[in-house]
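Reader: Could you take me through one part of this model up close? I'd like a connected story rather than a list.

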Amino acid sequence: MTERQMLLSVRDLSVTFATKQGPVRAVDSLSFDVHRGRTLGIVGESGSGKSVTSMALLGLHTGAEVTGSISLDGQELVGMPERDVNRLRGCRMAMIFQDPLSSLHPYYTVGEQIAEHHRVHFHSRRSVARKRAVEMLAEVGIPEPERRAGEYPHHFSGGMRQRVMIAMALACEPELLIADEPTTALDVTVQAQILELIARLQEERGLAVVMITHDLGVVARVAHEVLVMYGGRAAEQAPVDTLFASPAHPYTRGLLDSLPRLDDADDVPLRAIPGSPPSLLAPAPGCAFAPRCARAAGASPSDRLRCETERPLLSGPAGLPQVLDFSPKLSAPLEQGGPPCTGGTPMAACHFPAYEGVAS
Ligand SMILES: Nc1ncnc2c1ncn2[C@@H]1O[C@H](COP(=O)(O)OP(=O)(O)OP(=O)(O)O)[C@@H](O)[C@H]1O
Ligand code: SF4
Ligand SMILES: [Mg+2]
């Protein structure tokens, strides 16, 4: 794989909100790469910073302090003037949300909305934009696209509306698609159809996809690489097969263990991770997961003290390269968050990671 295939490169990204109670660092020192034709799955509990990350990628945090670097095909987005980011949004990068109804205007037909999107970005004539809208509806599998283009969002089912959103997002032929819980509100059959649609469009167009979800089943199905977030930070980053086969971080292990299994007896209770997510207002000095971590609870007093007082940085197993890096200028580990997720080496932010099947 060459550097040319990398599309999005995020380094040491932090997002801080000023609140009455004090600063809330919702995203803390995140680094990852997304390559063309690949999908990065971002998972984590509610409040772990997934959506704040996606909004930062699109430059939508006007009221927050955003630091670090977001590079889209070599173009730095952090600090870019609003007008320029607007141009990139929808044109080179697009987003689909969990709730398409809130993103579609009830007073305009879906055809008009897709066409308007096209007109704004390409300055196309009405007839051209309208033709493109119908083509896009056909491409995302809406039957009778010519007729349905003249209908309003409330005439469409939830799954159809999500297809319309995808059509709108892709009408301007973006290179990066950010999907934030795109199938959470849908039943499993429609969910599968939408995921297949995104995968097909990805293959046809070489799209880079960031798939944000709390559903590990979705991640297993679509992601090539996975970033597990906890309390705004990266807990673990790994190729999807490695992550599911041998999660190194106790939090990832907990997430996987909490998935219901078909071979469980009826009376086996669901295995939840005890405790609640960390406060972002007053972050603990050590590992954010320490109060909930079974590995720390069973550790020696000195190891436990380390967990409680020393923040673990993202690192790979000893003996393996820390980063599969394609760019010499990025090969140095980052001071704050550790090296980025590039899809090769599993990495965990844990003092006592469990790397199975890799030399350590
Ligand atoms: N504008 C804001 N001001 C203050 N805090 C915020 C703001 N927006 C988000 N946060 C906080 O940032 C944290 C991360 O929120 P985020 O929406 O990214 O979570 P998430 O991982 O997407 O969760 P979910 O799975 O529920 O969608 C939360 O604690 C949230 O309260
Ligand atoms: S650093 Fe310690 S508390 Fe944190 S996940 Fe690892 S073992 Fe658990
Ligand atoms: Mg969210």
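**Around ligand 1, and on to a second hairpin**

Author: Let's start with α1, which gives the most to the shell around ligand 1: three residues. Keep in mind as we go that this is a predicted model. The shell itself counts 14 residues, and the closest include Ala26, Ser46, Lys50, Ser51 and Val52. Besides α1 (50-57), the elements that give two or more residues to that shell are β1 and β2. As for its chemistry, eight of the shell residues are polar, five are nonpolar and one is charged.

So what do the two strands look like? β1 covers residues 6-19, and it pairs with β2 in the antiparallel sense over ten bridges. The link from β1 to β2 is a hairpin through two residues. To find your place in the ladder, look for Val15, which sits opposite Val27 in β2. β2 runs over residues 22-35 and is mostly covered, with eleven of its 14 residues buried. As a reminder, side chains in a regular strand alternate between the two faces of the sheet.

Now compare that with the shell around ligand 2. There, 13 residues surround the ligand, with Cys287, Cys293, Ala296, Cys307 and Cys350 as the closest. By class, this shell has ten nonpolar residues, two polar and one charged.

There's another hairpin worth a visit, made by β9 and β10. These strands run antiparallel and are joined by six bridges. Met229 is a handy marker here, standing opposite Ala234 in β10. Two residues lie between the strands of this hairpin, and Gly231 takes a positive phi near 55°.

β10 has a further partner on the list: strand β11 (residues 347-348), with which it pairs in the antiparallel sense over two bridges. In that pairing, Gln237 has Met347 of β11 as its bridge partner. And how enclosed is β10? Six of its seven residues are buried, so the rest of the structure largely encloses it.

Part of what surrounds this region is helix α11, residues 250-257, where Pro250, Tyr251, Thr252, Gly254 and Leu255 are buried. The buried residues of α11 pack against both strands of the hairpin, β9 (225-230) and β10 (233-239), and also against α9 (216-222), α10 (240-245) and α12 (294-297).

Methods: Residues are numbered from 1 along each chain as its sequence is written. Chains are lettered from A and ligands numbered from 1 in the order in which they are written. This is a predicted model: local features need pLDDT of at least 70, side-chain atom pairs count only at pLDDT 80 or more; totals for chains, interfaces and linings use all residues. A residue is buried if 20 or more other C-beta atoms lie within 10 Å of its own, exposed if 12 or fewer, and partly exposed in between; C-beta atoms are placed from the backbone. Helices (H or I, at least four residues) and strands (E, at least two) are DSSP runs, numbered from the N terminus. Two strands pair if DSSP finds at least two bridges between them. A residue is near a molecule or strand if its C-beta atom, placed from the backbone, lies within 6 Å of it. Ala, Val, Leu, Ile, Met, Phe, Trp, Tyr, Cys and Pro count as nonpolar, Asp, Glu, Lys and Arg as charged, and the others, Gly among them, as polar. Two residues are in contact if their C-beta atoms, placed from the backbone, lie within 7 Å.
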